[in-house]
Structures are given as C-alpha cells and as structure tokens.
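Here are a few notes from going through the model, set out as numbered points. Have the structure open as you read.

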Amino acid sequence: MTTLIIGAHGQIGQQLIKVLAESGDTPRAMVRTDAQAQTVKALGAEPVIADLEDDFRQAFSGCDKVVFTAGSGAKTGPDKTILVDLWGAIKAVDVAREMGTRHFVMVSSRGAEDPEKGPAKIKHYTVCKKLADDHLLASGVPYTIFRPGRLTDDEATGNVSTAWAENPEEQWISRADVALAIAHSLKHPEVTGGQVYPLFHGASTLDEALNRR
Ligand SMILES: NC(=O)c1ccc[n+]([C@@H]2O[C@H](COP(=O)([O-])OP(=O)(O)OC[C@H]3O[C@@H](n4cnc5c(N)ncnc54)[C@H](OP(=O)(O)O)[C@@H]3O)[C@@H](O)[C@H]2O)c1
C-alpha cells in the first residue's frame, strides 16, 4: 500500500515526492499529462494520469493514504476554484471513504478557519477551502488538515510553527517545509490524525510542533 498524491505535479507535490522517495517510498502521483508523468517518475513516483474534473477513482487503487495538494491556482477564475479546490476535494474525500483510506492529508489554507475575517478578494477561495475541510471532517475518513500561510520558495528548514500568527505579515511558510510537515504527518498518523494545524514558518521542530497531543 502506498500514498496517492493528488496535485503531484504542483510545487508542493513535487517536493513531497522527493521527500517520500528519499525515505524509500514510491508514492502514486496523480498528474494530468504524459509530460508531467515523466517528470514525477524521474523524481521517484509512480504516475497515474487523471483529472479532478473527471472520474479519477482508478488513481486510488492500491493506495491506503491520500494527500490532497491540488489547486486551480490564482490564474484561473472562481469557476475553477469551485470545480477543483471545492468539488474536486469533496469527490476525493468521497472516493477515499469508499476505498477505506486510512489517512487523508488535506492541504487547506489560512483563512479557511473563518472566511468572514479574511480579505474579500480571496473569499471565494477561503470559502471553498473551508467547505472542503468541513466535508473531510464530517466524512469519517481519518484526517490531518494543514492550513499553511502564504507559500514561499525558500529552502526547507525542518522547523515550523502551528501556533496562530496574529500578524498577517508573519503568516508564511515555504513549500519545502509544508512538504516536510506532510511527510511527518504520514509517518506519524497516531499523533497527527484528527488534527487541524495552522502552519507557518517558525522555530519548532516538526516533532515539537505536530506531536502536541
Ligand atoms: N499559494 C499560496 O500562498 C497558498 C497558501 C495556502 C495554501 N495553498 C494551497 O497549497 C496547495 C498547493 O500549492 P502549490 O504551490 O503546490 O500549487 P501548484 O504548484 O499550483 O500545484 C497545484 C497542482 O494542482 C493541480 N491541479 C489543478 N487542477 C487540477 C485538476 N483538475 N485535476 C488534477 N490536478 C489539478 C495542478 O496541475 P497542473 O500542474 O497540471 O496545472 C498543479 O500540479 C493548494 O491546495 C493551495 O490551495 C496555497
């Protein structure tokens, strides 16, 4: 059994493949094109071509863990936010429930805890992220939800903070550290399962920040 990464060709997805491959795993990487399949294969994953806007259940075959790190991105409109970030995530949770997935790690976002408090221009996005999280929380599928701040391309530090940062300027984290946090969560479901973590840059080790039950 292995881990399915949905959004595997994305920036967090590719970093996660590398981290998992370095620890000896061969994750299943759900991507959308042949060229992307070649890229993720070279990183150490087993590719499967599927699209969240179509029927993608075959991608789950043989996988007991799922990471959802897909997103339609800022360059598309709210229609794709609904179809990918919300409806795609909801469909993925439903397939996970049918398949008996043991651990579903959701890459959510800061702002999903209360879309009313965030900036109006991204409210459609934070509402979609919150509704997807709520669906996972109510699904009965074992979960971990990460709500990272603004993503940067800084190097991995291996240190994070899961304490809420009041200052929006401090609400950031590197994609590399998000990937490490996801990998840590997959490895320690007994402590990260059932948790919803804000995730920002910080000075705590992953053990200190995530194993705080
Ligand atoms: N940007 C931020 O500051 C921020 C903050 C907090 C949380 N997040 C969340 O972080 C996650 C990933 O971030 P990232 O930087 O890695 O994003 P990214 O590089 O844009 O990766 C997103 C991936 O989702 C895939 N995707 C889009 N539509 C799809 C579909 N219909 N079917 C299957 N896959 C699809 C994309 O595929 P293609 O490669 O084919 O386009 C891409 O590989 C997202 O869930 C996002 O909401 C972002």
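**Notes on the fold**

1. Let's start with helix 3 and helix 4 (residues 123-139): their axes cross at roughly 10 degrees and come within 9 Å. An angle that is under 35 degrees makes helix 3 roughly parallel to helix 4. Bear in mind throughout that this is a predicted model.

2. Who meets whom here? On the helix 3 side you'll find Pro78, Thr81, Ile82, Asp85, Leu86, Ala89, Ile90, Val93 and Arg97, and they meet His124, Tyr125, Cys128, Lys129, Leu131, Ala132, His135, Leu136 and Ser139 in helix 4. Sorted by character, the residues of this contact between helix 3 and helix 4 come out as 11 nonpolar, four polar and three charged.

3. Now have a look at Ser72, which sits in the loop between strand 4 and helix 3 (78-99). Is Ser72 buried or exposed? It has 21 C-beta neighbours inside 10 Å, and the cut-off for buried is 20 or more, so Ser72 counts as buried.

4. What does Ser72 touch, leaving aside its neighbours within four places in sequence? Its contacts are Lys80, Thr81, Val84 and Asp85. Two of these names, Thr81 and Asp85, also turn up on the helix 3 side of the contact with helix 4. There is a link to a remote stretch of sequence as well: Gly7 is 65 residues away along the chain, yet the C-alpha atoms of Gly7 and Ser72 are separated by 9.7 Å.

5. On to the other helix pair. Helix 1 (residues 11-22) packs against helix 5 (residues 175-187) with the axes 8 Å apart and an angle of about 50 degrees, which makes helix 1 oblique to helix 5. The crossing of helix 1 and helix 5 is right-handed.

6. For the residues in that second contact, helix 1 brings Gln11, Ile12, Gln15, Leu16, Val19 and Leu20, while helix 5 brings Arg175, Ala176, Val178, Ala179, Leu180, Ile182 and Ala183. The split for helix 1 with helix 5 is 10 nonpolar, two polar and one charged.

7. Last, the sheet. Nine strands form an open sheet with mixed pairing, in the order 3-2-1-4-5-6-10-8-11. At the edges are strand 3 (46-49) and strand 11 (204-205), each of which pairs on one side only.

8. One pairing to check by eye is strand 4 (residues 63-68) with strand 5 (residues 103-107): the sense is parallel, over four bridges. For a handle on the register, look for Lys65, which stands opposite His103 in strand 5.

Methods. Residues are numbered from 1 along each chain as its sequence is written. This is a predicted model: local features need pLDDT of at least 70, side-chain atom pairs count only at pLDDT 80 or more; totals for chains, interfaces and linings use all residues. Two strands pair if DSSP finds at least two bridges between them. Helices (H or I, at least four residues) and strands (E, at least two) are DSSP runs, numbered from the N terminus. Axes are lines fitted to C-alpha atoms, for helices over the stretch in contact, and angles run from 0 to 180 degrees between N-to-C directions. Angles under 35 degrees count as roughly parallel, over 145 as roughly antiparallel, 65 to 115 as roughly perpendicular and the rest as oblique. A crossing is left-handed if the near helix is turned anticlockwise from the far one by less than a right angle, and right-handed if clockwise. Two residues are in contact if their C-beta atoms, placed from the backbone, lie within 7 Å. Ala, Val, Leu, Ile, Met, Phe, Trp, Tyr, Cys and Pro count as nonpolar, Asp, Glu, Lys and Arg as charged, and the others, Gly among them, as polar. A residue is buried if 20 or more other C-beta atoms lie within 10 Å of its own, exposed if 12 or fewer, and partly exposed in between; C-beta atoms are placed from the backbone.
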